[in-house]
Amino acid sequence: MRKVLLYIAQTLDGFIATNDHDLSFLDSFNGNEQIAQSFVTLNERVDVEIMGRKTFDWVIAHGDVSLEHKVYVLSHHAIDHPSAIAYHGDFSELIETLKSQPGKDIWLVGGGEIIKSFIEKDLIDEYQIAILPVMIGD
């Protein structure tokens, strides 16, 4: 059966983004062989990504949306991207539907509000959290 996987990086002080939703602190780890291999393994393991609208907008602005996976964006607004689908229903129903279909695992990308909702509804099957040696809190 498919699993929902939270695969995410956080800072030493427990943040996954800055207050203005910026993820550029991750850029300093580009080229790290261990992180790169971990990401390759992740991409081979999943075929669906789920993310919130703020995360999606940031990813689009930085040209990082995968075209190899189906992407569900949890949003009440339309999405204009060839591999993204806006979803505004119950998260539990989406997960139940995806798990009932054949396929690989499902990557919960973020952001924080979405992750919190998934934790509260006990929808995450596996956690992979990298703690990066930086601090961005205020």
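How many helices and strands are there in the chain? I counted 4 helices and 6 strands, keeping in mind that this is a predicted model.

**Fold order.** I walked along the chain from the N terminus and wrote down β-α-β-α-β-β-α-β-α-β. Next I looked up the radius of gyration, which is 15 Å; the globule rule gives 14 Å for 138 residues, so the chain is as compact as a globular protein of that length. Along the principal axes, I get a box of roughly 40 × 30 × 30 Å for the C-alpha atoms.

**Contacts and burial.** I took the contacts with a separation of 6 or more and found that 65% of them join residues 24 or more positions apart. As for burial, 39% of the 138 residues count as buried.

**Surface and charge.** My entry for the exposed area of the chain is about 8100 Å², with carbon and sulfur atoms supplying 53% of it. I also checked the charges: there are 10 positive and 22 negative ones, and their mean positions lie 7 Å apart.

**Aromatics.** I found 2 aromatic pairs in the structure. One of them is Tyr 7 with Trp 107: the ring centres are 5.9 Å apart and the planes sit at 85°, over the 60 degrees needed, so I logged the pair as edge-to-face. Where do the two residues sit in the chain? Tyr 7 is in strand 1 (residues 4–11) and Trp 107 in strand 5 (residues 105–110), so the pair links distant parts of the chain, 100 residues apart.

Are these two buried or exposed? Buried means under 20% relative accessible area, so Tyr 7 at 15% counts as buried, and Trp 107 at 9% is buried too.

Definitions and conventions. Residues numbered from 1 in each chain as written. Predicted model: local features only at pLDDT ≥ 70, side-chain atom pairs only at ≥ 80, totals over all residues. Heavy atoms only, no water. Rg over C-alpha atoms; globule rule 2.2 N^0.38 Å. Buried < 20%, exposed > 50% of the residue type's maximum accessible area, 1.4 Å probe, protein only. Contact = heavy atoms within 4.5 Å. Areas by Shrake-Rupley, 256 points an atom, 1.4 Å probe, with all protein chains shown as cover. Lys, Arg positive; Asp, Glu negative; His and termini not counted. Charge placed at Lys NZ, Arg CZ, Asp CG, Glu CD. Phe/Tyr/Trp six-rings, centres within 6.5 Å; stacked < 30°, edge-to-face > 60°.
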